[in-house]
Amino acid sequence: MTLSSSDHTYLAANWSEVRRRVDDACRAAGRDPSEVVILPVSKTFGADVIRDAVALGLHRFGENKVQEIRDKAGPLADCGIEWVVIGHLQTNKAKDVARLASEVQSLDRLELAEALDHRLQAEGRMIDVLVQVKTSSEESKTGLAPEQLPAFLEQLRRFATLRVRGLMTLAVQSEDPAQVRACFCRLRELRDEAVGRGHDLPRLSMGMSGDFPLAIAEGATEVRIGTAIFGRRG
Ligand SMILES: *Cc1c(COP(=O)(O)O)cnc(C)c1O
C-alpha cells in the first residue's frame with residue numbers, strides 16, 4: 001500500500017472479496033479459478049483511486065471512454081498500466097487507442113478495424129482485440145449481430161496489427177437469470193462454432209458485477225468488474 005492510500009482501504013477488501021467470489025463461482029462450475037481473469041473496470045474513477053489499486057497489484061484496467069484513458073494515462077505513466085477499451089469506440093479515436101491502449105474488447109465493425117490497423121501501423125504496435133457480439137435484442141446494446149460474426153472474423157485475418165483473441169458481450173439487463181445466462185451461452189456457442197472454422201479464440205470476456213457467476217458457469221475466461229471493486233459510480 002502506498003502512504004496516500006488510507007482513503008481507499010476499502011479497495012483491498014473489495015478486491016479480495018471479488019476474487020473470492022470469482023473463485024467460488026469457478027468451483028461451483030467445476031472450473032479451476034486460474035482459468036478466470038478479473039478485469040477491474042475503473043471508468044469514472046480518478047487517477048488517485050487507480051494508483052491505490054495498482055498498489056494492490058492490479059495493472060490492467062478497463063475503461064469505456066478513450067478520453068478517460070487520455071486523462072489518466074499521463075498522471076499514471078509511472079505505473080505500467082495496460083489500458084483496455086471496453087466501450088463503444090468511434091473511428092476518430094483510433095489514433096489515441098493505437099497510442100495508449102493495450103487491448104480493445106469492443107471491436108464491432110470493419111471500419112473500426114481498418115482505422116485501428118492504420119494507426120497501429122503508424123505506431124509500429126500490435127494489440128489484442130476481442131469482437132463484441134450482441135447477444136441480446138435490447139436496442140441500446142452495441143456489438144456485431146451474431147449472424148455477421150463468421151464473415152467479420154474472416155475479414156479480420158488481413159489486419160496484422162490486430163491479434164483477435166476472442167469474443168466479448170454484455171448480457172441483457174434482466175431479473176431473470178435464465179435470460180442473462182442465455183446471452184453468455186450464446187457467446188460461448190458462437191466462439192465454439194468459430195473455433196470449428198479454424199479461428200483461434202481462447203478468450204470469452206463476459207460477466208460484470210451483477211451477473212459474473214452466470215458468465216463463469218457458461219465459460220467466461222474474463223469478467224469485467226467495476227462496481228464490486230470500486231464502488232458505485234457517481
Ligand atoms: C461499466 C462496464 C462494466 C462493469 O460494470 P459493473 O456492473 O460496474 O461491474 C463491464 N463491462 C462494460 C462494457 C462496462 O461498460
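Which unit do strand 2, helix 3 and strand 3 make? In this predicted model, the three elements form a right-handed β-α-β unit, with helix 3 spanning residues 66-73. Strand 2 covers residues 60-63 and strand 3 covers residues 82-85. The two strands run parallel and are joined by 4 bridges. One residue pair can be named here: F61 has W83 as its bridge partner in strand 3.

The loop between strand 1 (37-40) and helix 2 (47-55) holds K43. The UniProt record, an unreviewed entry, places the feature "modified residue: N6-(pyridoxal phosphate)lysine" at this lysine, K43. K43 counts as partly exposed because it has 16 C-beta neighbours inside 10 Å, a count that falls between the limit of 12 or fewer for exposed and 20 or more for buried. Leaving aside residues up to four places away in sequence, K43 touches E63, N64, K65, E68 and G226. Of these contacts, E63 belongs to strand 2 (residues 60-63), and E68 falls within helix 3 (residues 66-73). The contacts of K43 therefore include residues of the β-α-β unit described above.

T44 lies in the loop between strand 1 and helix 2 as well. Most residues other than glycine have a negative phi. T44 has a positive phi of about 75°, although it is not a glycine. T44 is partly exposed, because 15 other C-beta atoms lie within 10 Å.

G226, a contact of K43, leads to the ligand. Around the ligand are 14 residues, and the closest are M208, S209, R224, G226 and T227. Strand 8 (222-225) and helix 9 (227-230) each supply at least two residues of this shell. By residue class, the shell divides into 6 nonpolar, 6 polar and 2 charged.

Strand 8 also contains E222. Is E222 buried or exposed? E222 is buried, because 25 other C-beta atoms lie within 10 Å. Its contacts, not counting residues up to four places away in sequence, are V36, V37, L39, R203 and S205. V37 is 185 residues from E222 along the chain, yet the C-alpha atoms of the two are separated by 4.6 Å. V37 and L39 both fall within strand 1 (37-40), and E222 touches both of them. Strand 1 precedes the loop that holds K43, and strand 8 supplies residues to the shell around the ligand.

How values were computed:
Residues numbered from 1 in each chain as written. Predicted model: local features only at pLDDT ≥ 70, side-chain atom pairs only at ≥ 80, totals over all residues. Pairing = 2+ DSSP bridges. Right-handed = clockwise from strand over helix to strand, strands pointing away. UniProt positions renumbered as here; feature names shortened; annotations may be inferred. Contact = placed C-beta atoms within 7 Å. Near = placed C-beta within 6 Å. Nonpolar A, V, L, I, M, F, W, Y, C, P; charged D, E, K, R; others polar.
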